[in-house]
Amino acid sequence: MAEKKIIAVVGATGAQGSGLVRAILNDPNGGFAARALTRDVHSPKAKELAQLGADVVAADVDDIGSLKRAFAGAYGAYCVTFFWAHFSPEKEKAQASDMARAAKETGIQHVIWSTLEDTRKWVPLSDNRMPTLQGKYKVAHFDAKGEADHVFAELGVPTTFFLTSFYWENFIYFGMGPRKGPDGKLGITLPMGDKKLPSMASEDIGKCAYGIFKRGREFIGKRVGIAGEHLTGAQFAAAFTRALGREVRYNEVSPDAYRKFGFPGAEDLGNMFQVNRDFEQPFTRARSLSFSRELNPSLQTFDTWLMQNKDRIPLE
Ligand SMILES: NC(=O)c1ccc[n+]([C@@H]2O[C@H](COP(=O)([O-])OP(=O)(O)OC[C@H]3O[C@@H](n4cnc5c(N)ncnc54)[C@H](OP(=O)(O)O)[C@@H]3O)[C@@H](O)[C@H]2O)c1
């Protein structure tokens, strides 16, 4: 059998990257091998990936030298940044730029860049429907990624621009799950009106990315969006009600009220939901469900994800 093509996976111990590493390792005859990048090769998650069969190597996206070493000899690279680790769009742009330069210098043949839309194309800074954040962004964690797209393009890195969606794991880890209201009834709170939010199981992101690598050069230079479902707040609540066997309501709030919730990132997320709400059509159109299922035939629905994960959702 021909030598396997190595995919270097940034964020390999995280949500997006670990799904890709597992997708590669679960397909031993697929022709690909996983190189898992982590800052700490001795962490329990890194060791777990090594045990599954990944080549685990040290790299830090703040250190371009380490990226070049980790990308050397690889066919592909999955590149992702970590906004919620530092809340800095400037840092995300610098890290994306270093990944693009490292990919260029090491001759990577296919990069999947985990990006998002630069929302300022719909809501310019002069548009006062939402506040401008950090001086020059509307949705900092979207805009910085979108702004970084041009670096991959200008360096001539063979890149698929990969638009991901809201993770259902946010209902577990991000405090977005059902909460009891003053009347004791459970509710989920979103500022989405009656509009649909593209969303998915984070594990499916890596599986879709693997589907793209398997299709060879087909999506190089293209923008590819994925989602498991497009759901309204009321549909999320109805699915929770079915899964939990008790009523969960949709508490619709205004984006302004959401921005004022005060947790770190509330303003950014308030703006994000508002852009998703006000530009429902382009957001959902960019993330075709049938195409996502074509890339990843085991794509989960929210109901199937809830069946497996409902007990992990903190309800109080
Ligand atoms: N939450 C959502 O709904 C959602 C939806 C779409 C897109 N996103 C985007 O997803 C991105 C985060 O991806 P994720 O959720 O896969 O991340 P994650 O689960 O938080 O994992 C991040 C992993 O990256 C590694 N990492 C952190 N800083 C690093 C650094 N300086 N150098 C190298 N590795 C580093 C860490 O691994 P080690 O500790 O092993 O190094 C960690 O396990 C964010 O930018 C966010 O905007 C999120």
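## Exercises on a predicted model

In this predicted model, ring pairs join Phe166, Trp168, Phe171, Phe236, Phe240, Tyr258, Phe261, Phe263, Phe273, Phe302 and Trp305 into a cluster.

**Exercise 1.** Classify the aromatic pair of phenylalanine 219 and phenylalanine 291, and state which parts of the chain the pair ties together.

*Solution.*
- Step 1. The count of aromatic pairs comes to 25. In the pair of phenylalanine 219 and phenylalanine 291, the ring centres are 5.5 Å apart and the planes stand at 75°.
- Step 2. Planes over 60 degrees apart count as edge-to-face, so this pair is edge-to-face.
- Step 3. Phenylalanine 219 lies in the loop between helix H8 (202-214) and strand E11 (223-225), while phenylalanine 291 belongs to helix H13 (residues 289-295), so the pair ties together parts 72 residues apart in sequence.

**Exercise 2.** Decide whether phenylalanine 219 and phenylalanine 291 are buried or exposed.

*Solution.*
- Step 1. Relative accessibility is 8% for phenylalanine 219 and 17% for phenylalanine 291.
- Step 2. Buried means under 20%. Phenylalanine 219 is therefore buried, and so is phenylalanine 291.

**Exercise 3.** Describe how the protein surrounds the ligand.

*Solution.*
- Step 1. There are 24 residues around the ligand, and Thr13, Thr38, Thr81, Lys145 and Tyr167 come nearest.
- Step 2. By type, the shell holds 9 nonpolar, 10 polar and 5 charged residues.
- Step 3. Polar side-chain atoms lie close to ligand oxygen atoms: one of threonine 13 at 2.6 Å and one of tyrosine 167 at 2.7 Å. A backbone N or O atom of valine 61 is 2.9 Å from a ligand nitrogen atom.
- Step 4. Of the 930 Å² of accessible area that the ligand has on its own, the protein covers 81%.

Definitions and conventions
Residues are numbered from 1 along each chain as its sequence is written. This is a predicted model: local features need pLDDT of at least 70, side-chain atom pairs count only at pLDDT 80 or more; totals for chains, interfaces and linings use all residues. Side-chain values use heavy atoms; hydrogens and water are left out. A residue is near a molecule or strand if one of its heavy atoms lies within 4 Å of it. A polar contact is a pair of N or O atoms within 3.5 Å; within protein, one must be able to donate a hydrogen and the other to accept it, and residues adjacent in sequence count only if both atoms are side-chain atoms. Accessible areas come from the Shrake-Rupley method with a 1.4 Å probe; for residues, only the protein chains shown count as cover. Ala, Val, Leu, Ile, Met, Phe, Trp, Tyr, Cys and Pro count as nonpolar, Asp, Glu, Lys and Arg as charged, and the others, Gly among them, as polar. Rings of Phe, Tyr and Trp (its six-membered ring) pair if their centres lie within 6.5 Å; planes under 30 degrees apart count as stacked, over 60 as edge-to-face and the rest as tilted. Helices (H or I, at least four residues) and strands (E, at least two) are DSSP runs, numbered from the N terminus. Buried means under 20% relative accessible area, exposed over 50%, partly exposed in between (1.4 Å probe, protein chains only).
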